[in-house]
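Reader: I should be grateful for a close look at one part of this structure, namely the strand that leads into a loop with a cis peptide bond. Please set out its surroundings with the criteria behind each term.

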Amino acid sequence: MNYHVNEYIKNTVRVFPMQNRYGMHRYDMNENPEGLPKEFVDSVLKEITPEFLAIYPEPDRFLHKYAKFIGAEYENVLTTNGSDMAIRYLLETFGEVGKEVVTVAPSFEMYWVNCCILGYKHVPVAYEPDLTIKIENILNAIHDNTRIVVLLNPNNPVGNVYTEEELQQVIARAKEVGAIVIIDEAYHYFYPNTFIEHALKDENVVVLRTFSKLFSIAACRLGVIISNPEIIHYVKNARLTFDANSIALLFAERILDHPEMVDELIRIEREGKAYTLEELQKKGYECRDCRGNFIFVKPHHNAKEIAKRLEEEKQVLVHPYGNELLKDYLRVSVGSKKAMQIFLDAFFQVDAD
């Protein structure tokens, strides 16, 4: 070939999500298995007219409403095409080729994938065998070459969370070396504790939120960056002009118009999770509340084999792991009690002794 290929992109190894998931029972990617109420979706769809589709997206109306929803100002928030793009923008803006990005490992893959694409050095901080993280290991990983520190709270997939004291230590250490701290709160509302006040008051802190999890519009792709006005300004410089699409913005705005629906979504998920954990524990399974809209369960048989059989025999999708730390577990997304009964019936049959 005679054309140039960026060496970082050329050498990046990607594994993309499974396709042909339509029609399956999906508990593998932390989506809401049932989605938003149909009557709500139908009401929003009525607003999508030919004229609506012909106009470029205008995010400001949503942003003003969202800022008020979270107790911030318009200058503190920015929409992105899912939190995937938020991650890309933040790493592009505040990272540096050859310098370091610190995360725990395992964690959401798009952090290390973007490090590969952009030519950054990913510094993974490993879990202990008991699935805990030592905060001193994170602090020790931050030094003069660090540009970005990432904390998922709670982390996907293990579900660990951070205390206020731990976060303050990380922020202070990052500030010493001129690094920013990204706090990914994709699973906020399932785990209500938030560090958003630090994003609003500290000069080097960013919080990420998404509309893919509790708000159940993963198909539309909408994320939000929350930070101080200076960081927001710099990310705006990197952001595509028309990033978040109008359908995503419309659905998100209408979700905010119905806080009672948000409360009901939270209640449904909590009920479904509690029911699932109780039923698994009744049958002697080792399981773990990962604080997001997902749990871990340790099958009686090989986890990868059980996942394969669930897919092939029951059209039920769950997430197995290939790494040594998590190879014995399945991650199972959680939804309503009705949705979880489908999973439990299939799982108990396939994993029977």
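Author: The account below begins with the strand, follows the chain onward, and then turns to cavities, pockets and a further sheet.

The model is a predicted one, in which local features need pLDDT of at least 70, side-chain atom pairs count only at pLDDT 80 or more, and totals for chains, interfaces and linings use all residues. Residues are numbered from 1 along each chain as its sequence is written, and side-chain values use heavy atoms, with hydrogens and water left out.

The strand in question is β5 (146-152); strands (E, at least two residues) and helices (H or I, at least four residues) are DSSP runs, numbered from the N terminus. Seven of the seven residues of β5 are buried, so the strand is largely enclosed by the rest of the structure. Here buried means under 20% relative accessible area, exposed means over 50%, and partly exposed lies in between, for a 1.4 Å probe and protein chains only.

Strands of a sheet pair through backbone hydrogen bonds, either parallel or antiparallel. Two strands are taken as paired if DSSP finds at least two bridges between them. With strand β3 (residues 100-105), β5 pairs in the parallel sense over three bridges, and E100 stands opposite T146 of β5. With strand β6 (residues 180-184), β5 pairs in the parallel sense over five bridges, and L152 stands opposite D184 of β6. From β5 the chain crosses through α8 to β6, and this β-α-β crossover is right-handed. That term applies if, with the strands pointing away from the viewer, the path from the first strand over the helix to the second runs clockwise.

Between β5 and α8 (164-177) there is a loop, and P157 is found in it. A cis peptide bond joins N156 and P157, with omega of about 20°. Another cis peptide bond joins A105 and P106, where omega is about 10°; P106 is found in the loop between β3 and α6 (109-118). Most peptide bonds are trans. The two prolines also meet: P157 touches P106, and its other contacts include S107, C290, F294, F296, Y321, L326 and R331, not counting residues up to four places away in sequence. Contact means heavy atoms within 4.5 Å. P157 counts as buried because its relative accessibility is 3%. P157 and F294 are 137 residues apart in sequence, but their C-alpha atoms are 8.4 Å apart in space.

F294 belongs to strand β10 (residues 294-298), which pairs with β9 in the antiparallel sense over four bridges. In this pairing, V297 of β10 is the bridge partner of C287. The two strands belong to an open sheet of four strands in the order β9-β10-β13-β12, with antiparallel pairing. Its edge strands are β9 (286-289) and β12 (319-320), each of which pairs on one side only. In the loop between β9 and β10 lies R291, which has a positive phi of about 75° although it is not a glycine. R291 counts as partly exposed because its relative accessibility is 33%.

Beyond β6, T194 is found in the loop between β6 and α9 (196-201). T194 is partly exposed, with a relative accessible area of 30%. T194 touches E185, H188 and R209, not counting residues up to four places away in sequence. T194 and N153 are 41 residues apart in sequence and 8.1 Å apart in space, C-alpha to C-alpha.

E185, H188 and R209 are also among the residues that line the largest cavity, including Y66, A186, Y189 and F215. On a 1 Å grid over the protein atoms alone, a cavity is a set of points where a 1.4 Å probe fits but cannot get out, and lining residues have an atom within 4 Å of a point. Grid points are joined across faces, edges and corners, and a volume is the space filled by probe spheres set on the points. The count comes to one cavity of 30 Å³ or more, and the largest cavity has a volume of about 60 Å³. Its lining has five nonpolar, two polar and three charged residues; Ala, Val, Leu, Ile, Met, Phe, Trp, Tyr, Cys and Pro count as nonpolar, Asp, Glu, Lys and Arg as charged, and the others, Gly among them, as polar.

The second largest pocket holds about 260 Å³ of space; a pocket is an open set of points with protein on both sides within 12 Å along at least five of seven lines. Helix α11 supplies the largest share of its lining, four residues.
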